[in-house]
Every structure is written in C-alpha cells, then in structure tokens.
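Reader: Before accepting any label in a description of a model, I would like to see the reasoning behind it. Could we go through the terms one at a time?

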Amino acid sequence: VGGTIDMELAKKAMGEAEARPERRISVQQIIEAVSRYFNIKPADITGKRRNASIAFPRQICMYLTRKHTRYSLGEIGVYLGGRDHSTILHGVRTVEQRTRADSDIAQQIAHIDSSLIG
C-alpha cells in the first residue's frame, strides 16, 4: 500500500494522537507568572536590585524565557532590564544546577512552568 508520509502520519507514528497548535509564551507572561509565584513586583524582576529574594526569581525568568522562546541571550537580557548576555547565561545555568540539586526548587519551577502552559 503506497502513500506519502506527511506530518500527521509521522506524529501518529511517534505517539502524538493530535497535533496541538503551539501556544506562544511571551516574556511578559513569564515575568508575571514568576512575580505572582514569589509575590514580588514585575518591576523588581527587570530592576537593578540584586538581593537574593529578587535575584533568584529573576534567574528563573531567564531560564523559562530561554526554554519557552527563541530569543537569544542578548535579547532576553534586553527584556530583563538591559542585562548582558553573560548574565543571562549565568542565570540559566544557575537554575539548571539548583534544579538538579534541590527537588523543592525543581517543583517550584515545574509549578510556574505548568501555570504558563495552561
């Protein structure tokens, strides 16, 4: 039985019954979700303050923005208060390391992530 392999057939073969339309998540949605979770102002995330109660949520924003968007490190830096690309890379790596080392942090991030995905 001949036939062509199209995207629908490929997805079924890979175990995806339905192709769901990809929902775009904006940097603003990520900032708002993280701010809500940590009970801080969105302006704190994009601001200059560097105390731990704001710095780690900001790094989570960096991590989630990298995960959910196609922005470069430099572009993410612009959205998060004009930070340098190396700062964004450091933040992403910090969150990855802390997530591996601490299951509570992994759960926090999973919770914020699921609130974004809906």
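Reader: What makes D44 count as buried or exposed?

Author: This is a predicted model, and every value here is computed from it. The relative accessible area of D44 is 16%; because buried means under 20%, D44 counts as buried. D44 is found in helix α3, residues 42–46. Leaving aside its neighbours within four places in sequence, D44 is in contact with R49, I54 and R58, and its C-alpha atom is separated by 9.0 Å from that of A55, 11 residues apart along the chain.

Reader: Why is the pair of R49 and D44 called a salt bridge?

Author: Side chains of opposite charge can pair when their charged atoms come close. The closest N and O atoms of R49 and D44 are 3.9 Å apart, and because the cut-off is within 4 Å, the pair qualifies as a salt bridge. R49 has a relative accessible area of 48%, and since exposed means over 50%, R49 is described as partly exposed.

Reader: How many salt bridges does the structure hold, and what is the separation between the closest N and O atoms of K67 and D113?

Author: The structure holds two salt bridges. In the one formed by K67 with D113, the closest N and O atoms are 2.3 Å apart, which again satisfies the requirement of within 4 Å. K67 lies in helix α4 and D113 in helix α7, so the pair ties together parts that are 46 residues apart in sequence. K67, with a relative accessible area of 45%, is partly exposed, whereas D113, at 7%, is buried.

Reader: How do you know that the end-to-end span of α6 agrees with what a helix should give?

Author: Helix α6 comprises 17 residues, 85–101, and at 1.5 Å a residue it should span 24 Å. The C-alpha atoms at its ends are 24 Å apart, so the two values agree. The corresponding test for α2, with 12 residues, sets an expected 16 Å against 17 Å between the end C-alpha atoms, which is likewise taken as agreement.

Reader: Which residues of α6 are buried, and what makes you say that they line one face?

Author: The buried residues of α6 are I88, G91, V92, T94 and V95. Seen down the axis of α6, these buried residues fall within an arc of 160 degrees, so they line one face of the helix. On the other side of α6, H90, R100 and A101 are exposed. The buried residues of α6 pack against α4 (52–68), α5 (73–79) and α7 (103–117).

Reader: What does α2 pack against, and which of its residues are buried?

Author: In α2, the buried residues are V27, I30, I31, A33, V34 and S35, and they pack against α3, α4, α5 and α7. After α2 comes N39, whose phi is positive, near 55 degrees. For V34, the contacts beyond its neighbours within four places in sequence are I45, P57, I60, C61, L64 and I112.

Reader: What makes a set of residues a nonpolar core here, and how many residues does the largest one have?

Author: In soluble globular proteins, nonpolar side chains tend to be buried together. Members of such a core must be buried, and must be joined through side-chain atoms within 4.5 Å; the largest set has 24 residues, and those with the most contacts inside it are V34, I60, L64 and L80. The elements giving two or more residues to this core are α2 (27–38), α4, α5, α6 and α7, and α4 gives the most, with six residues.

Reader: How many helices and strands does the chain come to, and what share of its residues counts as buried?

Author: The secondary structure comes to seven helices and zero strands. Of the 118 residues of the chain, 32% count as buried. The accessible surface comes to about 8000 Å², of which 51% belongs to carbon and sulfur atoms. Among contacts with a separation of 6 or more, residues 24 or more positions apart account for 58%.

How values were computed
Residues are numbered from 1 along each chain as its sequence is written. This is a predicted model: local features need pLDDT of at least 70, side-chain atom pairs count only at pLDDT 80 or more; totals for chains, interfaces and linings use all residues. Side-chain values use heavy atoms; hydrogens and water are left out. Helices (H or I, at least four residues) and strands (E, at least two) are DSSP runs, numbered from the N terminus. The expected span of a helix is 1.5 Å times one less than its number of residues. Buried means under 20% relative accessible area, exposed over 50%, partly exposed in between (1.4 Å probe, protein chains only). The arc is that of the directions from the helix axis to the C-beta atoms. Contact means heavy atoms within 4.5 Å. A salt bridge is a side-chain nitrogen of Lys or Arg within 4 Å of a carboxyl oxygen of Asp or Glu. Accessible areas come from the Shrake-Rupley method with a 1.4 Å probe; for residues, only the protein chains shown count as cover.
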